Amino acid sequence: MTQPSSFRALVVDDTDDGQVAQFRELTDTDLPDHDVLVEVEYSSLNYKDGLVIAGPQKMARRTPLIAGADLAGTVLESSNPDWKPGDRVVVNGWGLSETQSGGYTRRQRVKPEWLVRIPDAFSTRDAMAIGTAGYTSALCLDALERYGIASDAELLVTGAAGGVGSIAVALAAAAGHTVVAATGRPETHDFLSELGASSFVDRAELQGKGRPLGKERWDAAVDAVGGSTLVNVLSQIRYGGAVAACGLTESPSMPDATVMPHILRGVALLGVDSVMAPAPLRRSAWDRLARDLPASTLDSLSRVEPLSDVPRLAEEILAGKVRGRVVVDVSA
């Protein structure tokens, strides 16, 4: 790989008009003082990236900061014995694009404990077709499995056409679940059926104020939405079931939530954190992805876009116009 004297990065900085993301030419001296230098090949677009780049509020907690919550590439230099030049690595979470400089750059320095080896089954592009969204989906399936949800359970996935949801559908189907996909976009039904969804729920059925206890409909759920959707999902989980919650695209609040599903049906709410998850959970999630998510599936649910288009794509993901996963080619 070439080692440019300067390289382009998408940098978030504070201005008189608020936080603004702009392209800049950087050198290695502009990077953080961490132990491992990575030649970044791909990043990805997540909802969090949309908020950082195009959201109405300040999301970057320190500036200037290189945006991009994910990165995948090859180690160039390392002062840590666990990593050597040539290692193929992925970084998800750890505050990238919020408190730490992230992946929208050709080169990045990272802490060694942030790194996970990319499984042999995946290329660096595949790793970013998965990205934080897919890795989070795998954490959710692992959490439900550890809780004791059977592999043949009927499982609801909310926000099913999004990055987290689409990979959750594929992983759940591969694990043996009967998958019900909740989405407000009927045009995505064929896409989700190909990933493994067996039936569909209009997301409107799960929005607004619901009853403290609804009709029992599903054994478990993966929820990437939050808000009233999560409240309604909890009220309709069968006795002894569980919901793995990992997102808040609708809202971080749970209006009109009650304890009824938890104390009358024993329903568990399992919080899933992808940002600071310890290394064993990360490795387990990537092992699941390598086992259950073939490259052909990744091709069907992802597309590659150039780094130059990320500002426009950030607005689209906030508007709910992005289907599946967007891989970002940081060289373009």
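This is a short conversation about reading strands and helices in a predicted model.

Visitor: Let's start with the sheet. Which order do the strands of the open sheet of six have?

Guide: Strands of a sheet pair through backbone hydrogen bonds, either parallel or antiparallel. Here the order is 11-10-9-12-13-14, and the pairing is parallel. Strand 11 (197-202) and strand 14 (268-271) are at the edges with a single partner strand each, so each has one side without a neighbour in the sheet. From one strand to the next, the twist averages 20°.

Visitor: Could we zoom in on one pair? Which residue in strand 12 is the bridge partner of Leu 155?

Guide: That is Ala 220. Three bridges link strand 9 (residues 154-157) with strand 12 (residues 218-223), in the parallel sense.

Visitor: Now the helices. At roughly what angle do the axes of helix 2 and helix 3 cross?

Guide: Two packed helices are described by the angle between their axes and the distance between the axes. For helix 2 (residues 124-147) and helix 3 (residues 163-175), the axes cross at roughly 50° and come within 8 Å. The two helices are therefore oblique to each other, and their crossing is right-handed.

Visitor: Which residues of helix 2 and helix 3 meet?

Guide: Among them are Ala 129, Ala 133 and Leu 141 in helix 2, and Val 164, Ile 167 and Leu 171 in helix 3. By class, this contact has ten nonpolar, three polar and no charged residues.

Visitor: And where does helix 2 lie relative to the strands?

Guide: Helix 2 lies across strands 9, 12, 13 and 14, running at about 145° to strand 13 (237-245). Helix 5 (residues 227-234) lies across strands 9, 12, 13 and 14 too, at about 155° to strand 13.

Technical notes:
Residues are numbered from 1 along each chain as its sequence is written. This is a predicted model: local features need pLDDT of at least 70, side-chain atom pairs count only at pLDDT 80 or more; totals for chains, interfaces and linings use all residues. Side-chain values use heavy atoms; hydrogens and water are left out. Axes are lines fitted to C-alpha atoms, for helices over the stretch in contact, and angles run from 0 to 180 degrees between N-to-C directions. Helices (H or I, at least four residues) and strands (E, at least two) are DSSP runs, numbered from the N terminus. Angles under 35 degrees count as roughly parallel, over 145 as roughly antiparallel, 65 to 115 as roughly perpendicular and the rest as oblique. A crossing is left-handed if the near helix is turned anticlockwise from the far one by less than a right angle, and right-handed if clockwise. Contact means heavy atoms within 4.5 Å. Ala, Val, Leu, Ile, Met, Phe, Trp, Tyr, Cys and Pro count as nonpolar, Asp, Glu, Lys and Arg as charged, and the others, Gly among them, as polar. Two strands pair if DSSP finds at least two bridges between them.
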